[in-house]
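Biologist: I am new to this structure and would like a close look at a single part. Please take one helix and walk me through its surroundings.

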Amino acid sequence: MRYLCLFYIDQTLADAASKEEWAEIDRESLASNEELQRSGHYLASNALADPKTAKTLRVRAGKASWTDGPFAETKEHLGGFLLIEAKNLAEAMEIAERDSLARMGAIELRETAGF
């Protein structure tokens, strides 16, 4: 089964972290991705640019409306994703727990719908 890990960054924690802490998280994330590739769990991943670069589209009554920024005003923002293959939810949870980005916010884990 495929699972999507959505990484939410708490901006307060991110702003308080030093460059060294971020460098360590980056190193750990790259090493984790390499290990997931070796084990056959890794499918895809990517970080996202600053939420200030986001645009949100809504179509109502056939009209497109674009607004600046992310959809919701929260203290956390979507910072990236990791798509993995796991035999079940328990294995997917174990994989997510090893990711160092959890220290900067939260990881939402969702099974894909399989379309």
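Modeller: Let us take helix H2, and begin with its buried side. The model is a predicted one. In H2, the buried residues are Ile25, Ser29, Ser32, Asn33 and Leu36. Viewed down the helix axis, these buried residues fall within an arc of 100°, so they line one face of H2. The other face of H2, turned away from the buried side, carries exposed residues: Lys19, Glu20, Arg27, Leu30 and Arg38.

Now the length. H2 has 21 residues, and at 1.5 Å a residue it should span 30 Å. The C-alpha atoms at its ends are 30 Å apart, which agrees. Just after H2 comes Gly40, with a positive phi of about 85°.

What does the buried side of H2 pack against? Its partners are strand E2 (42-47), strand E5 and helix H3. We can take these in turn.

Start with E2, the strand that holds Tyr42. Tyr42 has 21% relative accessibility; buried means under 20%, so Tyr42 counts as partly exposed. Leaving aside neighbours within four places in sequence, Tyr42 is in contact with Asn33, Leu36, Gln37, Leu82 and Leu83. Two of these, Asn33 and Leu36, are among the buried residues of H2. Another buried residue of H2 is Ser32. Ser32 and Tyr42 are 10 residues apart in sequence, and their C-alpha atoms are 9.5 Å apart in space. Tyr42 also has a link to Ser45: a polar contact of 2.8 Å joins their side chains.

Next, E5. E2 and E5 run antiparallel, joined by five bridges. Ser45 stands opposite Leu82 of E5. On E5 there is also a pairing with E1: nine bridges join these two strands, again antiparallel. One pair there is Ile9 with His77, its bridge partner in E5.

Then H3. Its buried residues are Glu91, Ala92, Ile95 and Ala96. They cover an arc of only 140° around the axis, which puts them on the same side of H3. That side packs against E1, H2, E5 and strand E6 (105-111). At the start of H3, a side-chain oxygen of Asn88 comes to within 3.2 Å of the backbone nitrogen of Ala90.

Where do these parts come together? The largest nonpolar core has 16 residues. Cys5, Leu82 and Ile84 touch the most other members. Two or more residues each come from strand E1 (2-10), helix H2 (19-39), strand E5 (76-85) and helix H3 (89-97). E1 gives the largest share, four residues. As a general point, nonpolar side chains in soluble globular proteins tend to be buried together.

Ile84 shows the meeting point well. Apart from neighbours within four places in sequence, Ile84 is in contact with Met1, Arg2, Tyr3, Cys5, Leu36, His41, Leu43, Ala92 and Ile95. Among these contacts, Leu36 is a buried residue of H2. Ala92 and Ile95 are buried residues of H3. Cys5, like Ile84, is one of the residues that touch the most other core members.

So much for H2. To recap, its buried residues line one face, and that buried set packs against E2, E5 and H3.

Definitions and conventions:
Residues are numbered from 1 along each chain as its sequence is written. This is a predicted model: local features need pLDDT of at least 70, side-chain atom pairs count only at pLDDT 80 or more; totals for chains, interfaces and linings use all residues. Side-chain values use heavy atoms; hydrogens and water are left out. A nonpolar core is a set of buried Ala, Val, Leu, Ile, Met, Phe, Trp, Tyr and Cys residues joined through side-chain atoms within 4.5 Å. Buried means under 20% relative accessible area, exposed over 50%, partly exposed in between (1.4 Å probe, protein chains only). Contact means heavy atoms within 4.5 Å. The expected span of a helix is 1.5 Å times one less than its number of residues. The arc is that of the directions from the helix axis to the C-beta atoms. A polar contact is a pair of N or O atoms within 3.5 Å; within protein, one must be able to donate a hydrogen and the other to accept it, and residues adjacent in sequence count only if both atoms are side-chain atoms. Two strands pair if DSSP finds at least two bridges between them.
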